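Trainee: I would like to learn how to read the packing and the empty spaces of a model, going from a single residue to the whole fold. Could we work through one example together?

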Amino acid sequence: MKTIGVVSVARSDASIYLPVLRAIRSAKTLDLKLLVTGMHLSREFGETWRDFEAEGFTIDERVECTMSSDTPEGIAKTIGLGVIGFGQVFARWRPDILMVLGDRFEMLAAALAALPHAMPIAHLHGGETTEGAIDEAIRHALTKMSHIHLVATEVYARRVAQLGEEPWRIHVTGAPGLDNALHVEPRSRELLEEVVGMRLDRPTVLATLHPVTLDYESTPRHIEEFLAALETLGMPVVFTYPNADTAGRQIIDAIRAFAAKHSWAKAVVNLGSAGYAAMLRHAAVMVGNSSSGIIEAASFELPVVNVGDRQRGRLRAENVIDVDYDRHAIVSAVRRALEPVFRDGLRGMKNPYGDGAAAARVVQALDAVAIDRRLIIKRFQDASGVSA
């Protein structure tokens, strides 16, 4: 059996991972080991490692690394602590394949620690672009450090190949988050209201704002314009917490103050995967700059007002309206998204990120790969016409 060590750093990747974890656990040839770190272990961010145990998974390793500071220095130190922590884990035992996802700096720490151990790495969601965040550089760095690429679309497969990766390493699986969002048991509005702590009997905004980490100095202006727009709209708002990125706590403080001021707004640390899927089904519109607005929301035919540059460069469906950090532009875009003609135009739309069957393809790729010298020693695949 191959041992697959899966690294999870936050609630944001947990909902993506869940169908993959279930599929690995069910595979007769694979043995799952779960390593959690980052925001999962933080009380401030809801100790979301408990969500895995609630789903029946055993946590095999806990790697403490997240500092309480969200300054650039604090983020850099968190990466360093993560490398140390994962290095100590891998000195004791090592999986046959380490799986990382996306673009978080905590994922980078795990991959860096695996590198001197000559450990094969499988990377989910490579080839994507998010031009407003440090995630852009981290994602492509993880691609070059990884040996198996599990990408969401053909476009992203071509980008991974453009980075010099050999075609046989690249597998188009679709986005696993769609598996979870589409197949999770839906919750009733009444149960969702209990989780949120607010009545949801009017058209509701699902709002998530993350810092733009390549422009974190502008976070005060971004949150000011964002909240001013929501105040003008006066619709019920459910905020989900931002990630533990540079200046993220400024956003947390602002949305908590906003929710304390307005009875029709709630800030929720962790909805859980089922609760979040239920919000995607129930919300009238999603506003902010979360990747789920680009990837998962299309499967629910949910209108999305995507604010700013954080997700710029990602493929998107016709449910997404892009605006800048301007309160008037955000209000106008939300009102457009709520018009029946816009919502009706989304009926039957196709999500470019897949069909909700990614986990099976991920497991197939993991099962089929041979762990040998060919896998470990990577060759740079030159573009046509390039020669040494």
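Trainee: Let me start with a single residue: does P242 count as buried or exposed, and why?

Mentor: Before answering, keep in mind that this is a predicted model. The reading rests on relative accessibility, where buried means under 20%; P242 has 0% and therefore counts as buried. As for its place in the chain, P242 is in the loop between strand 9 (237–240) and helix 10 (248–261).

Trainee: Which residues is P242 in contact with, once its neighbours within four places in sequence are left aside?

Mentor: The contacts of P242 are R11, F45, L209, H210, P211, G248, I251, I252 and I255. A related reading sets sequence against space: P242 and T208 are 34 residues apart in sequence, while their C-alpha atoms are 6.6 Å apart.

Trainee: How should I read the enclosed spaces, and how many cavities of 30 Å³ or more are there?

Mentor: The general idea is that rolling a probe the size of a water molecule over the atoms shows where empty space is left. In this model the count is 2 cavities of 30 Å³ or more. The largest cavity has a volume of about 50 Å³, and P242 belongs to its lining, together with A10, R11, M39, F45, T48, Y241, N243 and V269. By class, that lining divides into 6 nonpolar, 2 polar and 1 charged.

Trainee: And what lines the second largest cavity?

Mentor: The second largest cavity, with a volume of about 40 Å³, is lined by T208, M286, V287, G288, N289, S290, G293, V304, V305 and N306. Strand 11 (285–288) and strand 12 (304–307) each supply at least two residues of this lining, which divides into 4 nonpolar, 6 polar and no charged residues.

Trainee: Turning to open spaces, what is the volume of the largest pocket, and which elements give two or more residues to its lining?

Mentor: The largest pocket has a volume of about 820 Å³. Its lining has 47 residues, of which R11, S12, D13, S15 and I16 lie nearest the centre of the pocket. The elements that give two or more residues are helix 1 (11–26), helix 2 (49–54), helix 5, helix 7 (176–183), helix 11 (272–282) and helix 12 (291–294). Sorted by class, the lining has 15 nonpolar, 19 polar and 13 charged residues.

Trainee: Helix 5 is named there; which of its residues are buried, and what covers them?

Mentor: An α-helix has 3.6 residues a turn, so residues three or four places apart point the same way. In helix 5 (residues 135–145) the buried residues are D135, E136, I138, R139, L142, T143 and M145. Their cover includes strand 4 (97–101), helix 4 (105–114), strand 5 (121–124), strand 6 (148–151) and helix 6 (154–162).

Trainee: In what order do the 7 strands of the open sheet come?

Mentor: The order is 3-2-1-4-5-6-7, and the pairing is parallel. Strand 3 (61–63) and strand 7 (170–172) stand at the edges with a single partner strand each, so one side of each is left without a neighbour in the sheet. From one strand to the next, the twist averages 20 degrees. Within the sheet, strand 1 (residues 2–8) is joined to strand 4 by 3 bridges, and the bridge partner of I4 in strand 4 is I97. Helix 1 packs on the sheet, where it touches strand 1, strand 2 (30–37), strand 4 and strand 5, and its direction makes about 165 degrees with that of strand 1.

Methods
Residues numbered from 1 in each chain as written. Predicted model: local features only at pLDDT ≥ 70, side-chain atom pairs only at ≥ 80, totals over all residues. Heavy atoms only, no water. 1 Å grid on protein atoms, 1.4 Å probe; cavity = no way out; pocket = protein on both sides within 12 Å on 5 of 7 lines; lining within 4 Å. Points joined across faces, edges and corners; volume = space filled by probe spheres on them. Nonpolar A, V, L, I, M, F, W, Y, C, P; charged D, E, K, R; others polar. Helix = DSSP H or I, 4+ residues; strand = E, 2+ residues; numbered from the N terminus. Buried < 20%, exposed > 50% of the residue type's maximum accessible area, 1.4 Å probe, protein only. Contact = heavy atoms within 4.5 Å. Pairing = 2+ DSSP bridges. Axes fitted to C-alpha atoms, helices over the stretch in contact; angles between N-to-C directions.
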